[in-house]
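Visitor: I would like to learn how the labels on a model like this one are earned. Could you walk me through the reasoning?

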Amino acid sequence: MKVRPKVKRIVGLPGTPSSNDLMDLWSEFRLLDMGERLGRFIGQYREIYFKPDKRNGPIIYSYKPLPFAEVVIYEKISDITVSMKAEDYLKMPEKINNEVFVLNLGKRLLLR
């Protein structure tokens, strides 16, 4: 975060665009836009978009998104985010199994 203001351009390519859940998005976008879209502090983000879920007294173990959270969060980050779902864009042929047995020094190996 200290050097982020000196970086002119960042391209983030996470393997999972929506991370594990909406809570994880905050840290990614905090780094990208210095907190402009989702807030500068995680506590502020939690207060606005989540409610405590699992807890033990005052200790909160998880948060549940409020009903409007997903729509609002995705709208706020839409100008700097490209999100693609495999089922929408990826058309793959049906998987074909081709088993080839190879003899190697008397041992039978299965190559796939």
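**How the labels are earned**

Guide: Gladly! Among the elements of the protein, helix 2 has the highest mean pLDDT, 94, while strand 6 (residues 107–111) has the lowest, 58. Keep in mind that this is a predicted model. Across the protein the pLDDT averages 83, and 85% of the residues score at least 70.

Visitor: What elements does the protein have, and in what order do they run?

Guide: There are four helices and six strands. Starting at the N terminus, they run α-α-β-β-β-β-α-α-β-β.

Visitor: Why is the pair of Tyr45 and Tyr49 called tilted?

Guide: Two numbers decide. The ring centres are 5.3 Å apart, and rings pair if their centres lie within 6.5 Å. The planes stand at 55°; under 30 degrees would count as stacked and over 60 as edge-to-face, and the rest are tilted. The pair is therefore tilted. By this rule the count comes to three aromatic pairs.

Visitor: Where do Tyr45 and Tyr49 lie?

Guide: Both are in helix 2 (residues 42–49), four residues apart, which is about one turn of the helix. Tyr45 and Tyr49 are each buried, and together with Phe50 and Phe68 they form one aromatic cluster.

Visitor: What makes the contact between Asp33 and Arg37 a salt bridge?

Guide: The closest N and O atoms of Asp33 and Arg37 are 3.0 Å apart, and the cut-off is a side-chain nitrogen of Lys or Arg within 4 Å of a carboxyl oxygen of Asp or Glu. Asp79 and Arg37 meet in a salt bridge too, with 2.8 Å from N to O. This second pair links distant parts of the chain, 42 residues apart: Asp79 sits in the loop between helix 3 (69–77) and helix 4 (86–89), and Arg37 in the loop between helix 1 and helix 2. The structure holds two salt bridges, and Asp33, Arg37 and Asp79 are linked in a network.

Visitor: Why is Arg37 called buried?

Guide: Arg37 has a relative accessible area of 16%. Buried means under 20%, so Arg37 earns the label. Asp33 is buried as well.

Visitor: And why does Asp79 count as exposed?

Guide: The relative accessibility of Asp79 is 56%, and exposed means over 50%. Asp79 therefore counts as exposed.

Visitor: What about Met34: why is it called partly exposed?

Guide: Met34 has 30% relative accessibility. Partly exposed covers the range between the 20% and 50% limits, so that is the label for Met34. Met34 lies in the loop between helix 1 and helix 2, and has a positive phi of about 60° although it is not a glycine.

Visitor: How do you know that Val7 can belong to a surface patch?

Guide: Val7 has a relative accessible area of 31%, and patches are made of residues with over 30% and no salt bridge. Nonpolar side chains are joined within 5 Å. Val7, in the segment before helix 1 (22–33), forms a nonpolar patch with Met1, Val3, Ile10 and Leu31, with about 390 Å² of accessible area together.

Visitor: How does the whole protein look by these values?

Guide: Of its 112 residues, 17% count as buried. The protein exposes about 9700 Å², and carbon and sulfur atoms supply 56% of that area.

Technical notes:
Residues are numbered from 1 along each chain as its sequence is written. This is a predicted model: local features need pLDDT of at least 70, side-chain atom pairs count only at pLDDT 80 or more; totals for chains, interfaces and linings use all residues. Side-chain values use heavy atoms; hydrogens and water are left out. Patches are made of residues with over 30% relative accessible area and no salt bridge: like charges are joined within 9 Å, nonpolar side chains (Val, Leu, Ile, Met, Phe, Trp, Tyr) within 5 Å. Accessible areas come from the Shrake-Rupley method with a 1.4 Å probe; for residues, only the protein chains shown count as cover. Helices (H or I, at least four residues) and strands (E, at least two) are DSSP runs, numbered from the N terminus. Buried means under 20% relative accessible area, exposed over 50%, partly exposed in between (1.4 Å probe, protein chains only). Rings of Phe, Tyr and Trp (its six-membered ring) pair if their centres lie within 6.5 Å; planes under 30 degrees apart count as stacked, over 60 as edge-to-face and the rest as tilted. pLDDT is the predictor's confidence in each residue, from 0 to 100.
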